Protein chains: 2
Amino acid sequence: MTEPAAAPIGVFDSGMGGLTVLRALRAALPGEDFLYLGDTARLPYGTKSPDTVQRYAVQAARILVERGIKALVVACNTASAVALDALTERYAPLPVFGVVEPGAEAAAALSGRGRVLVLATESTVRGGAYQRALLARRPGLTVLARPCPLLVALAEEGRHAGPLVDLALADYLRGMLPGDRGAVSSVLLGCTHFPVFRPALEAILGRDGATVVDSAETTAAALARRVGGADLPAARGGAGRLSLLATDGAERFRRVGRYFLGEPIPSVELVDL
Amino acid sequence: MTEPAAAPIGVFDSGMGGLTVLRALRAALPGEDFLYLGDTARLPYGTKSPDTVQRYAVQAARILVERGIKALVVACNTASAVALDALTERYAPLPVFGVVEPGAEAAAALSGRGRVLVLATESTVRGGAYQRALLARRPGLTVLARPCPLLVALAEEGRHAGPLVDLALADYLRGMLPGDRGAVSSVLLGCTHFPVFRPALEAILGRDGATVVDSAETTAAALARRVGGADLPAARGGAGRLSLLATDGAERFRRVGRYFLGEPIPSVELVDL
């Protein structure tokens, strides 16, 4: 059986934020092909009930599975938190990866018995998946979590630096910066939109400040460790291809998506779920 | 036939922003009953295609019509711009009101041959409904329109004043403030979320600055002018009742919705479309 090595890795998100994960995956695995689906017709998942998100995630995954993928990355925090078990069971033996566990793993490893701050959307914070995953690994951690809806809007406007970004970040980190009584030892970016703020955030934290953990990057690293193993054959070399699907708004996908992918988006195929 | 006077006025929006319109309607018509539906399971409408928005609007309106309403207010800019004709035709002879025309009417009347700035969501700006409605009334107007996604996030966070709001407003109004070469004569709030920023905006514009036109208020005034007429009998007095429906997330609806309604939200009934 030689087919799987040639198959792409499937990635899905409720929209375009997952393109930061795709970007990290392509950097970590440049020879692999990727097939990305943004369920833009039904975003955001974060405000929907867990049952609805699970149903949507299974539908989105089906499109990718039908086109033939060798692994599935759920590049969406909401779906990672509530639909990972359902997807793993439904599409077994396909390897399925979420973004929550790798991010939590890296932040817990870095933080010893310190304080971790999770920056995420309102629904991710309220769902508590990062908090649970961190404490399961290191019960001695102090885990703080802040919902940051402004950062989502700033990211989608393509504002990744400047006074508004600095003011918003300083506000969300108030009392937790180096020198503050509540200073944190690591900041976990628990929303796929947020890697774009990493430089601004690191500037605010300073050289001796908290370490920034990016769940896009840690997810890519987790997948890269598995590629080439028994369940996940590596591609045969050459530059990997990229195909993008969306359920609505191809024009907006191309325009806003490039901020997250970090390069122009050539074409987007519209699909119906 | 005495039934219609007792029937509520139906109001729908893709989510909670329309509660600012409901608030203005209740202030203008305190004796009327209102039935509000927020299609929170499928928000935002703004990123969806016109066909999808039209289909969703007809489904949302059906729920209200089935419960018996004497008029329908489309308290959503996206749906007002693309679905008003479809709704009017489908549910005739029910009087149907949108938010775009009354806002444009008021701003055009105020602005003479001056410059009008429309602040709205990205999709409303791109759809161009306000720009067309303004120019149809006063072809001599200069109409500027700015998409303000940050203001949506700030509004939903309950941040209606403070340094972040001031910085965001100043940024969106750059070059158009009193004294600037591009100073505008009126600012039209073309998003149902934005009435909460009216005090901050008026403070930035100053006493002699542009007039702020709020499409929630102008829509309420347009409806109030019709109530008591042949097609729209007035309620019989007493304090009007309020019923709220949503398609998902009743808890978030209550929590965030109070910022827009301006008072606590007692209960929300979940419905399926």
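How many residues of domain 1 of chain A are in contact with domain 2 of chain A, and how many of domain 2 are in contact with domain 1? In this predicted model, 22 residues of domain 1 of chain A meet 25 residues of domain 2 of chain A.

**View 1. The two domains of chain A.** Domain 1 of chain A is made of two segments, 3–98 and 218–270, and domain 2 of chain A covers 101–216. A distance of 23 Å separates the C-alpha centres of domain 1 and domain 2 of chain A.

**View 2. The side of domain 1 of chain A that touches domain 2 of chain A.** The contact joins 22 residues of domain 1 of chain A to 25 residues of domain 2 of chain A. Four helices of chain A each supply at least two residues of this side of domain 1: α2 (19–28), α4 (77–90), α11 (215–226) and α12 (250–261). The most comes from α11(A), which gives five residues to the side of domain 1 that touches domain 2. Sorted by class, this side of domain 1 of chain A holds eleven nonpolar, ten polar and one charged residues.

**View 3. Strands β5 and β6 of chain A.** Strand β5 (residues 115–120) of chain A and β6(A) run parallel and are joined by six bridges. A:Leu119 has A:Arg146 of β6(A) as its bridge partner. In a regular strand the side chains alternate between the two faces of the sheet. Strand β6 (residues 142–147) of chain A shows such alternation: A:Val143, A:Ala145 and A:Pro147 point to one face and are buried. A:Thr142, A:Leu144 and A:Arg146 point to the other face and are not buried. The bridge partner of A:Leu119, A:Arg146, thus belongs to the set that is not buried.

**View 4. The side of chain B that touches chain A.** Here 22 residues of chain B are in contact with 21 residues of chain A. Two helices of chain B, α8 (149–156) and α9 (163–172), each supply at least two residues of the side that touches chain A. The most comes from α8(B), with six residues. By class, this side of chain B has eleven nonpolar, five polar and six charged residues.

**View 5. The relation between chains A and B.** Two copies of a chain are related by a rotation about an axis and a shift along it. For chain B laid on chain A, the turn is 180°, the shift along the axis is 0.0 Å and the RMSD is 0.0 Å. That is the relation of a two-fold axis. The same surface serves both copies, as 95% of the contact residues of chain B recur in chain A.

How values were computed
Residues are numbered from 1 along each chain as its sequence is written. Chains are lettered from A and ligands numbered from 1 in the order in which they are written. This is a predicted model: local features need pLDDT of at least 70, side-chain atom pairs count only at pLDDT 80 or more; totals for chains, interfaces and linings use all residues. Two residues are in contact if their C-beta atoms, placed from the backbone, lie within 7 Å. Ala, Val, Leu, Ile, Met, Phe, Trp, Tyr, Cys and Pro count as nonpolar, Asp, Glu, Lys and Arg as charged, and the others, Gly among them, as polar. Copies are superposed by least squares on the C-alpha atoms of residues with pLDDT of at least 70 in both. A residue is buried if 20 or more other C-beta atoms lie within 10 Å of its own, exposed if 12 or fewer, and partly exposed in between; C-beta atoms are placed from the backbone. Two strands pair if DSSP finds at least two bridges between them. Domain bounds come from an automatic or database domain assignment.
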